[in-house]
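Please examine the sequence together with the model shown here. The explanation begins with the overall fold and then turns to individual charged side chains.

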Amino acid sequence: FARSVLNVFPFSRDGDVRPSLRRTGRLLDAGQNIAVFPEGTRGDPGHLEPFEQGIGVMGKEMEAPIIPVWIDGTGSAMPKGTMWPRKNIDIAVTFGKAMRFSDAESYEAVTHQVEEAVRDLS
C-alpha cells in the first residue's frame with residue numbers, strides 16, 4: 001500500500017543500502033523532496049534511537065539540505081508492533097533550520113550533527 005499509494009520505499013536494514021541511496025539520489029536530482037526517518041525503526045515514545053549513517057551520506061555526498069524535524073505523538077498514535085494508527089491522538093511537528101554540510105565533514109559527523117539538531121527540537 002505505502003509503495004503504490006504514498007510513493008514510499010524502505011532502506012535495507014540488514015543488507016546493502018547502496019540501491020536505496022542511488023534511488024534517493026535520482027529523486028533528489030529530479031527535484032523531489034525526500035522524507036527520511038534516520039533511526040531506521042519506530043522507537044519507544046519520547047525516545048530517539050541512534051541515527052543510521054545514510055543521512056550523513058545524503059548530507060555530504062548528495063549535498064542535500066537537511067531539515068531536522070521532531071514529530072511528537074506518533075508513538076502513541078501507532079505504537080511499535082501495531083499495523084494501524086489509533087484515532088484521536090494529537091500529533092505535533094516541529095521544524096528546525098535547514099542544515100548544509102561541507103565536503104570536509106565525515107558521514108559520522110554529519111549524522112551526529114543532524115541527530116543532535118533533532119534531539120534539540122524534542
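The paragraphs below proceed from the whole chain to particular residues.

The model is a predicted one. Its secondary structure consists of 5 helices and 2 strands. Followed along the sequence, these elements appear in the pattern α-α-α-β-α-β-α.

The overall dimensions can be described in two ways. Along the principal axes, the C-alpha atoms occupy a box of roughly 45 × 35 × 25 Å. The radius of gyration is 15 Å, and a compact globule of 122 residues would have a value near 14 Å, so the protein agrees with that expectation. Contacts give a further view of the fold: when residues at least 6 apart in sequence are considered, 56% of the contacts between them join residues at least 24 apart.

The surface and the interior may be considered next. Of the 122 residues, 25% count as buried. The protein exposes about 8,800 Å², and carbon and sulfur atoms supply 52% of this area.

The charged residues form the next topic. The protein carries 14 positive and 17 negative charges, and the mean positions of these two sets lie 8 Å apart. Side chains of opposite charge can pair when their charged atoms come close. How many salt bridges does the structure hold? There are 4 salt bridges in the structure, and those described below are among them.

One of these pairs is formed by D16 and R18, whose side chains meet with an N to O distance of 2.9 Å. Are the two partners buried or exposed? D16 has a relative accessibility of 38% and therefore counts as partly exposed. R18 has a relative accessible area of 52%; because the threshold for exposed is over 50%, R18 is classed as exposed.

Helix α5, which spans residues 107–121, contains a further group of charged side chains. Here R119 forms a salt bridge with E115, and their closest N and O atoms are 2.7 Å apart. The two residues are 4 residues apart in the helix, so about one helical turn separates them. R119 also meets E116 in a salt bridge, with an N to O distance of 3.7 Å. That distance qualifies because the limit for a salt bridge is within 4 Å. R119 and E116 both lie in helix α5 and are 3 residues apart, again about one turn of the helix. Through shared partners, the salt bridges join E115, E116 and R119 into one network.

The members of this network can also be compared by accessibility. E115 is buried, with a relative accessible area of 12%. E116, at 31%, is partly exposed, and R119 is likewise partly exposed at 33% relative accessibility.

A final residue to consider is K60, which is found in helix α3 (residues 54–60). Is K60 buried or exposed? Its relative accessible area is 15%; because buried means under 20%, K60 is classed as buried. Which residues does K60 contact, leaving aside its neighbours within four places in sequence? K60 is in contact with S102, D103, E105, S106, Y107 and V110. Helix α5 comprises residues 107–121, and the contacts of K60 include Y107 and V110.

Conventions. Residues numbered from 1 in each chain as written. Predicted model: local features only at pLDDT ≥ 70, side-chain atom pairs only at ≥ 80, totals over all residues. Heavy atoms only, no water. Buried < 20%, exposed > 50% of the residue type's maximum accessible area, 1.4 Å probe, protein only. Rg over C-alpha atoms; globule rule 2.2 N^0.38 Å. Contact = heavy atoms within 4.5 Å. Areas by Shrake-Rupley, 256 points an atom, 1.4 Å probe, with all protein chains shown as cover. Lys, Arg positive; Asp, Glu negative; His and termini not counted. Charge placed at Lys NZ, Arg CZ, Asp CG, Glu CD.
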